[in-house]
Amino acid sequence: MLKNARDGITPDKAGSVGPIKQIDALKQKGFPLAYVGDVVGTGSSRKSATNSVLWFMGDDIPFVPNKRAGGLVLGSKIAPIFFNTMEDAGALPVEVDVSSLNMGDVIDVYPRKGEVRRHDNNELLATFELKTDVLLDEVRAGGRIPLIIGRGLTSKARESLGLPPSDVFRTVKAVAASNKGYTLAQKMVGRACGVTGVRPGEYCEPKMTSVGSQDTTGPMTRDELKDLACLGFSADLVMQSFCHTSAYPKPVDVQTHHTLPGLHYEPRRCVSSPRRRNYPLMAKPYAITGYRRYRW
């Protein structure tokens, strides 16, 4: 992380080792660290980036080794996929003008007030508004996914007991009413949520009927399932492809193929190729090798 030198950043070894000593020196001030940037999370490896940030700036999870959660990310612009991944990890991502912040500054952040102030003199440096108040519940729950699961279990339990819906959880503010139509994408998501369509900024939990993962994300998918104590998928269609590594696997790829849990590659449903042959979307290692020749 941050292996290349830039304004305020001095890597331990340019190009290979990030500013570990600099981070350790900042920790000596006795305050939690926040990751600050003008544009944050523009790469595609959002999970790896999130893990790197939290490893140095997150909090230990009791009784869970080698993983961390929490943390604070401030950015003038945060890429949506990185924003969502930080939510899943229990961090608090905030889009705010960071032009007044510099490396090593000690600041106080007030999420409910939407203020960033200098610690020593209380100078107001920036103001912001959380994308949704539910972010606060996500941080308390340790992530967006645990919150969704906990909220769902609570709802089902109370319904079974004949109790009214719980008022413990924060609710998303309703978006402004509109008589405009929906785009095709809004209709597709809306159909999965049981409504006509969804508006920008509207919260919804669509019913997932398919799950897909490629081999390069297989180990991360496995770890996330383990964290959730997941034994299987409720979706009708589950796909774990080996499209990157099945043809010429390296030793580490072979190990991955044979250590993914069974639910990743037990055949469930097949699709027909142009040559009218059926290939399992979930297959034993090396079974899915025809992706170069066939369109699925």
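Colleague: Before we look at anything, what does "exposed" mean for a residue here?

Modeller: A residue is called exposed when its relative accessible area is over 50%, buried when that area is under 20%, and partly exposed in between. Please keep in mind, as we go through the structure above, that this is a predicted model.

Colleague: OK, so is L153 buried or exposed?

Modeller: L153 counts as exposed, because its relative accessibility is 58% and the cut-off for that word is over 50%.

Colleague: And where does L153 sit?

Modeller: L153 has its place in helix α5, which covers residues 144-160, and together with I145, I149 and L228 it makes a nonpolar surface patch of about 340 Å².

Colleague: How far does α5 reach?

Modeller: Helix α5 has 17 residues and reaches 24 Å from its first C-alpha to its last, which is close to the 24 Å expected at 1.5 Å a residue. Just after α5 comes G162, which takes a positive phi of about 75°.

Colleague: Which residues other than glycine have a positive phi?

Modeller: F63 is one of them, with a positive phi of about 65° although it is not a glycine, and N122 is another, with a phi near 65°.

Colleague: Where are those two, and how exposed is each of them?

Modeller: F63 is found in the loop between β2 (59-61) and β3 (64-69), and with a relative accessible area of 86% it is exposed. N122, on the other hand, lies in the loop between β7 and β8, where it is partly exposed, with a relative accessible area of 40%.

Colleague: You mentioned β7 and β8, so what sheet do they belong to?

Modeller: They belong to an open sheet of three strands, placed in the order β6-β7-β8, with antiparallel pairing. As general background, the strands of a sheet pair through backbone hydrogen bonds, and they can do so in either a parallel or an antiparallel way.

Colleague: Which strands stand at the edges, and why is one side of each left without a neighbour?

Modeller: The edge strands are β6 (107-110) and β8 (124-127), and because each has a single partner strand, one side of each is left without a neighbour in the sheet. From one strand to the next, the twist averages 15°.

Colleague: How many bridges join β7 to β8?

Modeller: Three bridges join strand β7, which is made of residues 115-118, to β8, and the two strands run antiparallel. If you would like a pair of residues to find in the structure, look for V116, which stands opposite A126 in β8.

Key:
Residues are numbered from 1 along each chain as its sequence is written. This is a predicted model: local features need pLDDT of at least 70, side-chain atom pairs count only at pLDDT 80 or more; totals for chains, interfaces and linings use all residues. Side-chain values use heavy atoms; hydrogens and water are left out. Two strands pair if DSSP finds at least two bridges between them. Helices (H or I, at least four residues) and strands (E, at least two) are DSSP runs, numbered from the N terminus. Axes are lines fitted to C-alpha atoms, for helices over the stretch in contact, and angles run from 0 to 180 degrees between N-to-C directions. Buried means under 20% relative accessible area, exposed over 50%, partly exposed in between (1.4 Å probe, protein chains only). Patches are made of residues with over 30% relative accessible area and no salt bridge: like charges are joined within 9 Å, nonpolar side chains (Val, Leu, Ile, Met, Phe, Trp, Tyr) within 5 Å. Accessible areas come from the Shrake-Rupley method with a 1.4 Å probe; for residues, only the protein chains shown count as cover. A salt bridge is a side-chain nitrogen of Lys or Arg within 4 Å of a carboxyl oxygen of Asp or Glu. The expected span of a helix is 1.5 Å times one less than its number of residues.
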